[in-house]
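Trainee: Could you take me through one part of this model in detail? I'd like to look at the empty spaces, and then at the strands and loops that go with them.

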Amino acid sequence: MDDPQIRMVDLYGQYLNIKNEVDVAMAEVLTSTAFINGPQVERFATQLASYLDVPHVIPCANGTDALQIAFMALGLKPGDEVIVPAFTYIAPAEAAALLGLVPVVVDVDPHNFNMTFHALEQAWSPKTKAIVPVHLFGQCAPMEPIMEWAKAKGLFVVEDTAQALGAKYLTGQYKNRRAGTIGHIGCTSFFPSKNLGCFGDGGAMMTKDAHLAAQMRMITRHGQRMKYIHEVLGCNSRLDTLQAAILEVKLKYLDQYEAARYRAAQEYTQALRDIDGLACPLEESYSTHVYHQYTLRVLNGWRDELVRHLTSFKIPSAIYYPVSVQKQEAFTSIIRKSGTLFNSEQLCSEVLSLPMHTELTVEIQDRVITQIRNFFNNI
């Protein structure tokens, strides 16, 4: 019998395990035809707020919209500077630039991939108005020193929680707070491959501040509280009812999903941590890790050769991210660089993400691990 196909993300396998619940939820929406702003949207927002222990969750169309709406609600103006990490997806810098804000890119810690407090200190200028810590690959950025520094400087903090929904901060005054609920606003994405993903696009903002919640809700609705009465310039950014219905089902399983990811991550680390040419993900003491990705650093220039080796055995892998923000053509004339950004550029040549999802079995992982070990045993 042929070996089962190895997938980076097995959304179909996950769907099969909750198929009856999802199908019923979708059928309810189809029968009601309440495709926009159906009751499932508000129900899901309430349930997610309860899960995160935060007063306000405002659904929207996608995670990038969430960031843009957050900046708008905070009243940021063209020319204001927003500090973002250089090693991440472009969404925070993109959302800022689309509003005429200036993304200031800073370096990251090469061990946990997240923004550092030291980098923030170097990046500050009188034009700095906000910071976007990105909780990359499933682990919180060091929020306690970031928040203390932001408070001292009078800055807003917008957390990008798209890859770390459900992660917990473990120390200090934010102990047991979920990622996305520590800063002024948290933003997340429900893109299908995310830890909590729908079957299309979706996103949300979360906040403790009732005024900001009202502003963001108004902005998502063309700037109106009452129909046809537009108080501010807004946008049209809604989570549709079908997606909310799916998310309502999947939210019940989020802790179970993240436990499965964590189990798989420990299996990888246990089997690969003794290989000299690899650096396994570091789990910081101040945060749990929900492993949106299991991302290794492949040292000594062997990353691309390892990718070719795995591909020859039909084992998928991915590079998140091959080009840092400051090297992207779209941003060369827009951003302000802070420091050398050496770590970010080095990571782009080293990182490699292995298959990671809720349906990952030990047997499939063993195939991945065997070929990685074979590669390093033969170089």
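Mentor: Here is a walk through the pockets and cavities, followed by the sheets and a few backbone details. Keep in mind that this is a predicted model. As a reminder of the idea behind it, rolling a probe the size of a water molecule over the atoms shows where empty space is left.

Let's start with the largest pocket, which has a volume of about 510 Å³. Its lining takes in 25 residues, and those nearest the centre are Tyr89, Ala162, Gln163, Ser189 and Lys194. Helix 4 (63–73), helix 5 (91–98) and strand 6 (185–189) are the elements that give two or more residues to this lining. Sorted by class, the lining of the largest pocket has 12 nonpolar, 10 polar and three charged residues.

Next comes the second largest pocket, with about 300 Å³ of space. Here 16 residues form the lining, and Asn37, Val41, Thr220, Arg221 and Arg238 are the closest to the centre. At least two residues each come from helix 3 (39–52), strand 1 (56–60) and helix 8 (210–220). Strand 1 gives the most, with three residues. By class, the lining of the second largest pocket divides into five nonpolar, seven polar and four charged residues.

Strand 1 is a good handle for moving from that pocket to the sheet. It belongs to an open sheet of eight strands, in the order 1-7-6-5-4-2-3-12 and with mixed pairing. Strand 1 and strand 12 are at the edges with a single partner strand each, so one side of each has no neighbour in the sheet. The partner of strand 1 is strand 7 (residues 203–207), and the two pair in the antiparallel sense over five bridges. To find the register, pick valine 57, whose bridge partner in strand 7 is methionine 206. Strand 6, which you met in the lining of the largest pocket, sits next to strand 7 in the sheet order.

Now for the closed spaces. The count is three cavities of 30 Å³ or more. The largest cavity holds about 60 Å³ of space. Its lining is made of Val9, Asp10, Leu11, Gln14, Pro192, Ser193, Lys194, Asn195, Arg261, His357 and Thr358. In terms of class, that is three nonpolar, five polar and three charged residues. Look at Lys194 in particular: it lines this cavity, and it is also listed among the residues nearest the centre of the largest pocket.

The second largest cavity has about 50 Å³ of space. Around it are His111, Asn112, Phe113, Leu136, Phe137, Gln139, Pro281, Leu282, His289, Gln293 and Thr295. This lining divides into five nonpolar, six polar and no charged residues. Phe137 deserves a check of its backbone: phi is near 65°, a positive value in a residue other than glycine. You'll find phenylalanine 137 in the loop between strand 4 (128–131) and helix 7 (143–153).

Thr295, another residue of that lining, falls within strand 11 (residues 294–298). That takes us to the other sheet, an open one of three strands in the order 10-11-13, with antiparallel pairing. Its edge strands are strand 10 (278–279) and strand 13 (351–354), each of which pairs on one side only. Strand 10 is joined to strand 11 by two bridges. In one of the pairings, leucine 278 has valine 298 of strand 11 as its bridge partner.

There is a side-chain link to look at here too. The structure holds 10 salt bridges, one of them between arginine 297 and glutamate 350, with the closest N and O atoms 3.0 Å apart. Arginine 297 lies in strand 11 and glutamate 350 in the loop between helix 12 (342–348) and strand 13, so this pair ties together parts that are 53 residues apart in sequence.

Two further spots are worth a click. Tyrosine 320 and tyrosine 321 are joined by a cis peptide bond, with omega about 20°. Tyrosine 321 is in the loop between helix 11 (303–312) and strand 12 (336–337). On the outside, Leu30, Phe35 and Ile36 make a nonpolar surface patch of about 270 Å². Of these, leucine 30 lies in helix 2 (residues 19–32).

Note on methods: Residues numbered from 1 in each chain as written. Predicted model: local features only at pLDDT ≥ 70, side-chain atom pairs only at ≥ 80, totals over all residues. Heavy atoms only, no water. 1 Å grid on protein atoms, 1.4 Å probe; cavity = no way out; pocket = protein on both sides within 12 Å on 5 of 7 lines; lining within 4 Å. Points joined across faces, edges and corners; volume = space filled by probe spheres on them. Nonpolar A, V, L, I, M, F, W, Y, C, P; charged D, E, K, R; others polar. Patch = residues over 30% accessible without salt bridge, like charges linked within 9 Å, V, L, I, M, F, W, Y side chains within 5 Å. Areas by Shrake-Rupley, 256 points an atom, 1.4 Å probe, with all protein chains shown as cover. Salt bridge = Lys/Arg side-chain N within 4 Å of Asp/Glu carboxyl O. Helix = DSSP H or I, 4+ residues; strand = E, 2+ residues; numbered from the N terminus. Pairing = 2+ DSSP bridges.
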